[in-house]
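Biologist: Could you take a close look at one part of this model for me? Pick a strand and walk me through what surrounds it.

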Amino acid sequence: MYVRMNNANHELVLLRHGKAETHLHCSDIERDLTETGCERTFNIASYMTSQQLVPDTIISSSAKRAIATANIVCDVFSIDSDTIDVRAALYNADWHEVLNIVQQIPDTVMRVLLVGHNPAFEVLVEQLVSTAVDDIHLSPSSMARLTFDGKWSDLSSGQCQLLSIMHAQELVV
């Protein structure tokens, strides 16, 4: 776990989807969460609740496992899951495409939760942080919190401070 204090005005929370089924009987986009994936996602969402990390908006990949992850977060926070902004562009996106989605967020949104995939999320963290961070790794149900001053539309490489990386499997329930 890595933690730093927050004094900035916008916060980007990247949550990698929970552990998913193998795709022997369905396409990749149709893979659902495993029981372990559901449990660990519940644990990370409970941690988010304990830290009062309520998102102003949730944007999720259109993959079934990402939507299921976002739904668990909504359940834990008592947020209407109909408010999840599902974006097909997050599925199979590279880090540039994820950044483009982030840059379109209205500045009235102070904290956004993106639910999606690697390698885009790991590379995005590496690109956005202002100081070198060794080997960013986001396992399933892991969360990275970044913060920055400025407009979402102006966000670019090196502008964020990494607040924390939390792995669900490290949480004691």
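**Around one strand and its neighbours**

Modeller: Let's start at β7, which is mostly covered, with six of its seven residues buried (buried is under 20% relative accessible area, exposed over 50%, partly exposed in between, using a 1.4 Å probe and protein chains only). Strands here are DSSP E runs of at least two residues and helices are H or I runs of at least four, numbered from the N terminus. Bear in mind that this is a predicted model, where local features need pLDDT of at least 70 and side-chain atom pairs count only at pLDDT 80 or more, while totals for chains, interfaces and linings use all residues. Residues are numbered from 1 along each chain as its sequence is written, and side-chain values use heavy atoms, with hydrogens and water left out.

Next to β7 (residues 161-167) sits the strand I'd zoom in on, β6: the two pair antiparallel over six bridges (pairing takes at least two DSSP bridges). Within that pairing, Ala144 stands opposite Ile165, and Ser142 has His167 as its bridge partner.

β6 itself covers residues 142-148, and seven of its seven residues are buried. Ser142, Ala144, Leu146 and Phe148 point one way, with Met143, Arg145 and Thr147 pointing the other way, and all are buried. So what does β6 pair with besides β7? Strand β2 (residues 10-16) runs antiparallel to β6 and is joined to β6 by six bridges; there, Leu12 of β2 has Leu146 as its partner.

Keep going and you reach β5, which pairs with β2 in the parallel sense, again over six bridges, with Arg16 partnered by Gly116. Strand β3 (residues 57-61) runs parallel to β5 as well, through four bridges, and Ile59 is matched with Leu114. Six of the six residues of β5 are buried, so β5 is largely enclosed by the rest of the structure. Both faces are covered: Arg111, Leu113 and Val115 lie on one side, Val112, Leu114 and Gly116 on the other.

Some of these names come back in the largest nonpolar core, a set of 30 residues in which Leu12, Leu114 and Leu146 have the most contacts (a core is buried Ala, Val, Leu, Ile, Met, Phe, Trp, Tyr and Cys joined through side-chain atoms within 4.5 Å). The elements giving two or more residues to this core are β2, α3 (95-103), β5 (111-116), α4 (120-128), β6 and β7. Apart from it lies another core, of 22 residues, Leu53, Val73, Val115 and Met143 among them. Back to Leu114: beyond four places away in sequence, the residues it touches include Leu12, Ile59, Val98 and Phe121 (contact means heavy atoms within 4.5 Å).

The helices α3 and α4 pack at about 70 degrees, their axes 8 Å apart. That makes α3 roughly perpendicular to α4 (65 to 115 degrees; under 35 is roughly parallel, over 145 roughly antiparallel, the rest oblique). Trp95, Val98 and Leu99 of α3 meet α4 residues that include Phe121, Leu124 and Leu128.

Finally, Ala168 lies in the segment after β7. At 2% relative accessibility, Ala168 counts as buried, and beyond four places in sequence Ala168 touches Arg40, Ile44, Ser141 and Ser142. Ala168 and Tyr47 are 121 residues apart in sequence, yet 8.7 Å apart in space, C-alpha to C-alpha.

Definitions and conventions: Axes fitted to C-alpha atoms, helices over the stretch in contact; angles between N-to-C directions.
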